[in-house]
Amino acid sequence: MASTTKHPVLSRRALNRATLDRQLLLRRAPLGVEEAVAHLLGLQAQNTKPPYYALAARLDGFRPEQLSDLMESRAVARIVTMRSTVHTHTAQDAVALRRLVQPGAIDRELAIFVARKGLDGVDLERLAVLSRELVEERPRTPKQLREELLKEWPHADPQSLSLAARCLLPLVQVTPRGLWGRGGQVALTTTDAWFGDGVESGEGEESAESDRTVLRYLRAFGPASVKDMQTWCGLTRLAEAFERLRPQLLVFHNERGTELFDLPDAPRPDEDTPAPPRFLPEFDNLLLSHADRTRVVTPEIRSRTWQGNRAFSVFLLDGLLAGLWHLDEAKDRTTLTIEPFAPVTRAERAELAAEAERTLRIMTPPGTSYDIVHKDPSERTA
């Protein structure tokens, strides 16, 4: 949203530091894991390990078992929400955020399956009812769910049937899927069956829920524009919610003149605040939750973080995406390879090595041997 009103301008670097602070990446936060997952409005979880690495980069004293234990106790769970992708959420957010974002990317994905004619003759209402009965009887893998649904609609596209069920119903990936050091294939049940009566539905006026989520989004990702939040959640037409909240928000512009909103009491550190190196997993929400990502990713390197549909793990230097990293986990040794996009100083190399070593100490079993390899050996004088 643009405005002709004069508002303070936030530089790209000021936006960077503010966002890093909200994302718990300027300094590791002394938060509990469940509190952190709620503050961040979930963790991108297309794969099983990224939520663990995301928290290792953000929390003081984090151990992978802490998140795993919360998953086993059903305090957090894996479910399709923002942008119709899998996220790890608190139980409360798994219910509330899934309901909020349903009319966005999730319903659009369902419309695609219908348009492809893979669901010709399929009554979607009946599909939802039957799917709920099946997965609440016992958790089922997508393959098992497809096999049962094909008995009702033998001429339908099998993949479209199970994916449509995932769009129609709030389906949780049950444990042991996603547990640290264990894992298992995807098996699904509903949020009702998985969480039981222990989670309040939070149902109320849609506008009130939208407003609450705008405020939470700004707390975790701001300052931000309307389009930024729409990119994060996959919804459209959020301008009305921002307009309702405008009297209680601060308004800024970025250097391009885009209107940005923020909470009056939210931190906006000085742009010269030091930003230590951080190793982030693939699909980290820091990189996916703004329409304008230049506060973290410079345009010239954006294409280097993807190959086809695959995203790479990345690291930050001075608050900006500066290269890739990957793990080679052999039986007796783990190797973390650092691949900067540009030459680094000796001081930066030392800082990266220290952060890599800290990450490995957290994320590998005690006593595991590990190596840190800098793939680009070129250096420049500090």
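**Exercise 1.** Does W232 count as buried or exposed, and at what relative accessibility?

*Solution.* Keep in mind that you're working with a predicted model. Start with the cut-off: buried means under 20% relative accessible area. W232 has 0% relative accessibility, so it counts as buried.

**Exercise 2.** Work out how the rings of F221 and W232 are arranged, and what the pair ties together.

*Solution.* A pair of aromatic rings is described by the distance of the centres and the angle of the planes. Here the centres are 6.1 Å apart and the planes meet at 45°, so we call the pair tilted. Now find the two residues: F221 is in helix α10 (residues 206-221) and W232 is in helix α11, so the pair ties together parts 11 residues apart in sequence. Finally, check F221: its relative accessibility is 1%, so it's buried.

**Exercise 3.** Stay with helix α11 (residues 226-233) and describe the surroundings of M229.

*Solution.* First, M229 counts as buried because its relative accessibility is 2%. Next, set aside neighbours within four places in sequence: M229 then touches T213, V214, Y217, L238 and F242. Take V214 from that list: its C-alpha atom is 7.7 Å from that of M229, although the two are 15 residues apart along the chain.

**Exercise 4.** Which backbone oxygen lies 2.9 Å from a polar side-chain atom of T189?

*Solution.* Locate T189 first: it's in strand β6 (residues 188-190). At 4% relative accessibility, T189 is buried. The oxygen you're after belongs to V135. T189 also touches W194, among others, and R74 lies over the face of W194, 3.5 Å from the ring centre.

Key:
Residues are numbered from 1 along each chain as its sequence is written. This is a predicted model: local features need pLDDT of at least 70, side-chain atom pairs count only at pLDDT 80 or more; totals for chains, interfaces and linings use all residues. Side-chain values use heavy atoms; hydrogens and water are left out. Helices (H or I, at least four residues) and strands (E, at least two) are DSSP runs, numbered from the N terminus. Buried means under 20% relative accessible area, exposed over 50%, partly exposed in between (1.4 Å probe, protein chains only). A polar contact is a pair of N or O atoms within 3.5 Å; within protein, one must be able to donate a hydrogen and the other to accept it, and residues adjacent in sequence count only if both atoms are side-chain atoms. Contact means heavy atoms within 4.5 Å. Rings of Phe, Tyr and Trp (its six-membered ring) pair if their centres lie within 6.5 Å; planes under 30 degrees apart count as stacked, over 60 as edge-to-face and the rest as tilted. A charge sits over a ring if NZ of Lys or CZ of Arg is within 6 Å of the ring centre and within 35 degrees of the ring normal.
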